[in-house]
Amino acid sequence: MSFPAHITVLYFAAASTTLGITDELVPIPEKGLYLSQLTELLIERHSQSSLNTLRKILDSSQWSVDAEMVGDEDLTKVELKDGMEVAVICPVSGG
C-alpha cells in the first residue's frame with residue numbers, strides 16, 4: 001500500500017493563531033505542487049477559517065522550505081516534494 005506524497009506545513013504567529021494549529025500534513029496533488037500554488041491549496045483546506053484573514057496573512061508572509069528562505073521571485077521555481085517542510089513566516093513588528 002502506497003501513501004500519498006505530503007509536505008509538512010509549519011504555522012507561526014498570526015497564521016497559527018488564525019488556524020488554531022502549529023503544523024499539518026498536506027497531501028501533494030497528483031499533478032504536483034509548486035510553492036506559488038500553496039496559498040490557494042491552504043485556503044481550500046481551511047475554508048472554515050476566516051478566508052480574508054488567512055489570505056492576507058499568507059499573501060504578506062514569506063516562505064521557508066527545508067529551513068531555507070525562498071524569495072518571492074522563486075515561488076514558481078520551487079516544486080514541493082514528499083517529506084519537505086514548509087514554514088509560513090509571518091511579518092513581525094518590533095518595538
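Select Ala87 to begin: this residue of the predicted model is buried, with a relative accessible area of 7%. Ala87 belongs to strand S5. Show what surrounds Ala87: leaving aside neighbours within four places in sequence, its contacts are Leu10, Phe12, Gln62, Trp63 and Ser64. Ala87 counts as buried because its 7% falls under the 20% cut-off for relative accessible area.

Draw a distance from Ala87 to Ser47. The two residues are 40 places apart along the chain, and their C-alpha atoms are separated by 20 Å. Keep this pair on display for a later stop.

**Across from S5 to S3**

Now select Ser64, which stands opposite Ala87 of S5. Extend the selection to strand S3 (residues 62-65) and strand S5 (residues 85-89): the two run antiparallel and are joined by four bridges.

**The other side of S5**

Select strand S1 next. S1 pairs with S5 in the parallel sense, again over four bridges. To find the register, pick Tyr11, which stands opposite Val88 in S5.

**The whole sheet**

Show the strands together. The sheet is open, has five strands in the order S2-S1-S5-S3-S4, and its pairing is mixed. At the edges are S2 and strand S4 (68-70), each of which pairs on one side only. Ignoring direction, neighbouring strands of this sheet are turned against each other by 30 degrees on average.

Add helix H2 (residues 38-45), which packs on the sheet and touches S1, S2, S3 and S5. The direction of H2 makes about 105 degrees with that of S2.

**The edge strand S2**

Select S2 together with S1 (residues 6-11). These strands run antiparallel, with five bridges between them. Two pairs can be labelled here: Ile7 has Val26 of S2 as its bridge partner, and Thr8 stands opposite Leu25.

Which residues of S2 make up its covered face, and which the uncovered one? Glu24 and Val26 are on the covered face, while Asp23, Leu25 and Pro27 are on the uncovered one.

**Glu24**

Stay in S2 (residues 23-27) and select Glu24. Is Glu24 buried or exposed? Glu24 is buried, at a relative accessible area of 11%; the reason for the label is that buried means under 20%.

Show the side chains of Tyr11 and His46. A polar contact of 2.5 Å joins the side chain of Glu24 to that of Tyr11, and another, of 2.7 Å, joins the side chain of Glu24 to that of His46. Not counting residues up to four places away in sequence, Glu24 touches Ile7, Thr8, Val9, Tyr11, Leu42, Arg45 and His46.

**Ile7 and the core**

From Glu24, move to Ile7. Setting aside residues within four places in sequence, Ile7 is in contact with Glu24, Leu25, Val26, Ile28, Leu33, Leu38, Leu80, Lys81, Met84 and Val86.

Ile7 also leads into the largest nonpolar core, which has 26 residues. Select Ile7, Leu35, Leu38, Trp63 and Leu80, the residues with the most contacts inside this core. At least two core residues come from each of S1, helix H1 (13-19), H2, H3, S3 and S5. H2 gives the most, with four residues.

**A loop position**

Select Ser36, in the loop between S2 and H2. Ser36 counts as partly exposed because its relative accessibility is 37%, and the partly exposed class lies between 20% and 50%.

Where along the chain are the contacts of Ser36, leaving aside neighbours within four places in sequence? They are Leu75 and Thr76. Draw the distance to Thr76: the C-alpha atoms of Ser36 and Thr76 are separated by 5.1 Å, with their positions 40 residues apart along the chain. Return to the pair kept from the start, Ala87 and Ser47, also 40 residues apart along the chain, with C-alpha atoms separated by 20 Å.

**Colour by confidence**

Finish by colouring the model by pLDDT. The protein averages 91, and 92% of the residues score at least 70. Among its elements, S1 has the highest mean pLDDT, 98, and helix H3 (residues 51-60) the lowest, 87.

Terms used: Residues are numbered from 1 along each chain as its sequence is written. This is a predicted model: local features need pLDDT of at least 70, side-chain atom pairs count only at pLDDT 80 or more; totals for chains, interfaces and linings use all residues. Side-chain values use heavy atoms; hydrogens and water are left out. Buried means under 20% relative accessible area, exposed over 50%, partly exposed in between (1.4 Å probe, protein chains only). A polar contact is a pair of N or O atoms within 3.5 Å; within protein, one must be able to donate a hydrogen and the other to accept it, and residues adjacent in sequence count only if both atoms are side-chain atoms. Contact means heavy atoms within 4.5 Å. Two strands pair if DSSP finds at least two bridges between them. Axes are lines fitted to C-alpha atoms, for helices over the stretch in contact, and angles run from 0 to 180 degrees between N-to-C directions. pLDDT is the predictor's confidence in each residue, from 0 to 100. A nonpolar core is a set of buried Ala, Val, Leu, Ile, Met, Phe, Trp, Tyr and Cys residues joined through side-chain atoms within 4.5 Å.
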